[in-house]
Amino acid sequence: MSGLQIIVSQEQGRVPVTVFRIEGDVMDANSYGQLEAQARAAIEAGTRDLLLDLTKMKYISSAGLRALHTIFMLLRGDTPGESDETMKKGLMDGTFKSPHLKLLNPSPAVTETLRAMGFDMFLEVHRNLKDAIASF
Amino acid sequence: MTTRYSLQTVAELKNLNQIRDFVEIATTALGFEPDLIPNVQLAVDEVATNVILHGYHGQGGNLEVELERAGSDLVVHLRDEAPPFDPTSVPAPDLTLPLAKRPIGGLGIHLVRQAVDEVFHRVTATGGNELTLVKRDAAGG
């Protein structure tokens with residue numbers, strides 16, 4: 001009964017951006033693997049910048065956070081110039097967010113979970129697609 | 001007179017959808033506001049997943065999910081027959097660490113604490129676990 005649909009599209013801003021539109025209420029222990037696998041496949045096919053459209057997601061479970069974390073790490077591996085020092089400094093300034101993984105339109109419940117689990121410091125959130133694509 | 005809604009199911013990942021639907025139906029039937037539902041579903045989802053993966057080690061087993069109203073509080077009991085394990089004893093993760101430095105995973109019970117107001121664990125008479133979640137209805141029920 002797990003049926004998480006992920007609709008993939010390619011957009012062009014300053015750089016090409018892959019968009020995953022998550023069609024499904026929740027991401028649970030059943031379906032988070034699907035998101036991870038899809039992200040890995042996209043990265044293998046050349047994706048360097050990924051936007052997750054969470055408009056339809058009602059809440060995010062720990063499995064969903066696990067997938068976000070994994071994808072964050074996968075996309076991060078691509079920027080050898082980012083030293084830990086840069087990241088630490090950026091964190092203290094409040095400026096370090098992933099340049100490669102961003103979120104579109106999370107619900108209030110999802111936003112609150114990201115904040116409570118400290119993910120909001122690392123992931124930029126946008127409210128419309130155009131702004132999101134242009135931000136990469 | 002207390003109305004209780006009870007679901008007896010098998011602790012398997014494929015039943016998470018059924019459990020979520022049940023939580024929505026029972027919460028509504030007990031007269032709680034709809035905005036309570038996502039947080040309660042999240043908490044139950046997390047606990048049920050832990051029972052499935054860690055309690056029963058993926059082998060399946062009985063799981064009962066029961067919802068009732070206590071004044072303006074929603075009370076959820078999850079009962080299993082897995083070896084006793086108190087998830088409330090798990091220490092909180094260090095969320096001050098940068099994402100790149102944190103171990104992946106381990107957030108389940110912490111999410112439960114964030115989603116509901118109180119969490120209690122006890123070992124049942126048959127040697128299994130009962131986890132009780134309390135969610136206060138801010139609207140006053």
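**Figure 1. Overview of chain A in the predicted model.** Of the contacts in chain A with a separation of 6 or more, 69% are between residues 24 or more positions apart. Chain A contains five helices and seven strands. Along the sequence, the order of these elements in chain A is β-β-β-α-β-β-α-α-β-α-β-α. Chain A has 136 residues, and 49% of them are buried.

**Figure 2. Packing of helices H1 and H2 in chain A.** Two packed helices are described by the angle between their axes and the distance between the axes. For H1(A) and H2(A), which spans residues 62-76, the angle is about 15 degrees and the axes are 8 Å apart. H1(A) is therefore roughly parallel to H2(A), as angles under 35 degrees count as roughly parallel. The two helices, H1(A) and H2(A), make a right-handed crossing. On the H1(A) side, the residues in contact are A:Tyr32, A:Leu35, A:Glu36, A:Ala39, A:Arg40 and A:Ile43. On the H2(A) side, they are A:Ala63, A:Gly64, A:Arg66, A:Ala67, A:Thr70, A:Ile71, A:Leu74 and A:Leu75. Sorted by class, the contact of H1(A) with H2(A) comprises nine nonpolar, two polar and three charged residues.

**Figure 3. Surroundings of A:Thr70 in helix H2 of chain A.** A:Thr70 has a relative accessibility of 11%; the limit for a buried residue is under 20%, so A:Thr70 counts as buried. Beyond neighbours within four places in sequence, A:Thr70 is in contact with A:Glu36 and A:Arg40, and with B:Ile104 of chain B. A:Glu36 and A:Arg40 are among the H1(A) residues that meet H2(A).

**Figure 4. A:Thr47 in the loop that follows helix H1 of chain A.** The loop holding A:Thr47 runs between helix H1 (32-44) and strand S4 (50-53) of chain A. With a relative accessible area of 9%, A:Thr47 is buried. The side chain of A:Thr47 makes a polar contact of 2.7 Å with the side chain of A:Thr18. Apart from neighbours within four places in sequence, A:Thr47 is in contact with A:Thr18, A:Ala42 and A:Leu75. A:Leu75 is also one of the H2(A) residues that meet H1(A).

**Figure 5. A:Asn105, a residue with positive phi in chain A.** A:Asn105 is not a glycine, yet its phi is about 55 degrees. A:Asn105 is placed in the loop between strand S6 (101-104) and helix H4 (108-116) of chain A. The relative accessibility of A:Asn105 is 25%, so the residue counts as partly exposed.

**Figure 6. Packing of helices H1 and H2 in chain B.** H1(B) covers residues 16-29 and packs against H2(B) at an angle of about 145 degrees, with the axes 10 Å apart. H1(B) and H2(B) form a right-handed crossing. H1(B) contributes B:Leu16, B:Ile19, B:Arg20, B:Val23, B:Glu24, B:Thr27 and B:Thr28 to the contact. H2(B) contributes B:Ile37, B:Val40, B:Gln41, B:Val44, B:Asp45, B:Ala48, B:Thr49 and B:Ile52. Eight residues of the contact of H1(B) with H2(B) are nonpolar, four are polar and three are charged.

**Figure 7. Packing of helices H2 and H3 in chain B.** H2(B), residues 37-55, and H3(B), residues 108-115, cross at roughly 155 degrees, and their axes come within 9 Å. H2(B) is therefore roughly antiparallel to H3(B), as angles over 145 degrees count as roughly antiparallel. The crossing of H2(B) with H3(B) is left-handed. From H2(B), the residues in contact are B:Asn39, B:Leu42, B:Ala43, B:Glu46 and B:Val47; from H3(B), they are B:Gly108, B:Leu111, B:Val112 and B:Ala115. The contact of H2(B) with H3(B) has six nonpolar, two polar and one charged residues.

**Figure 8. B:Ile52 in helix H2 of chain B and its contacts.** B:Ile52 has 3% relative accessibility and so counts as buried. Not counting residues up to four places away in sequence, B:Ile52 touches B:Ala11, B:Glu12, B:Leu13, B:Leu16, B:His57 and B:Gly58. B:Leu63 is eleven residues from B:Ile52 along the chain, and their C-alpha atoms are separated by 8.9 Å.

**Figure 9. B:His57 in the loop after helix H2 of chain B.** The loop containing B:His57 lies between H2 and strand S2 (62-70) of chain B. B:His57 is a residue other than glycine with a positive phi, near 50 degrees. At 58% relative accessibility B:His57 counts as exposed, whereas B:Ile52, which touches B:His57, counts as buried.

Note on methods: Residues are numbered from 1 along each chain as its sequence is written. Chains are lettered from A and ligands numbered from 1 in the order in which they are written. This is a predicted model: local features need pLDDT of at least 70, side-chain atom pairs count only at pLDDT 80 or more; totals for chains, interfaces and linings use all residues. Side-chain values use heavy atoms; hydrogens and water are left out. Helices (H or I, at least four residues) and strands (E, at least two) are DSSP runs, numbered from the N terminus. Buried means under 20% relative accessible area, exposed over 50%, partly exposed in between (1.4 Å probe, protein chains only). A polar contact is a pair of N or O atoms within 3.5 Å; within protein, one must be able to donate a hydrogen and the other to accept it, and residues adjacent in sequence count only if both atoms are side-chain atoms. Contact means heavy atoms within 4.5 Å. Axes are lines fitted to C-alpha atoms, for helices over the stretch in contact, and angles run from 0 to 180 degrees between N-to-C directions. Angles under 35 degrees count as roughly parallel, over 145 as roughly antiparallel, 65 to 115 as roughly perpendicular and the rest as oblique. A crossing is left-handed if the near helix is turned anticlockwise from the far one by less than a right angle, and right-handed if clockwise. Ala, Val, Leu, Ile, Met, Phe, Trp, Tyr, Cys and Pro count as nonpolar, Asp, Glu, Lys and Arg as charged, and the others, Gly among them, as polar.
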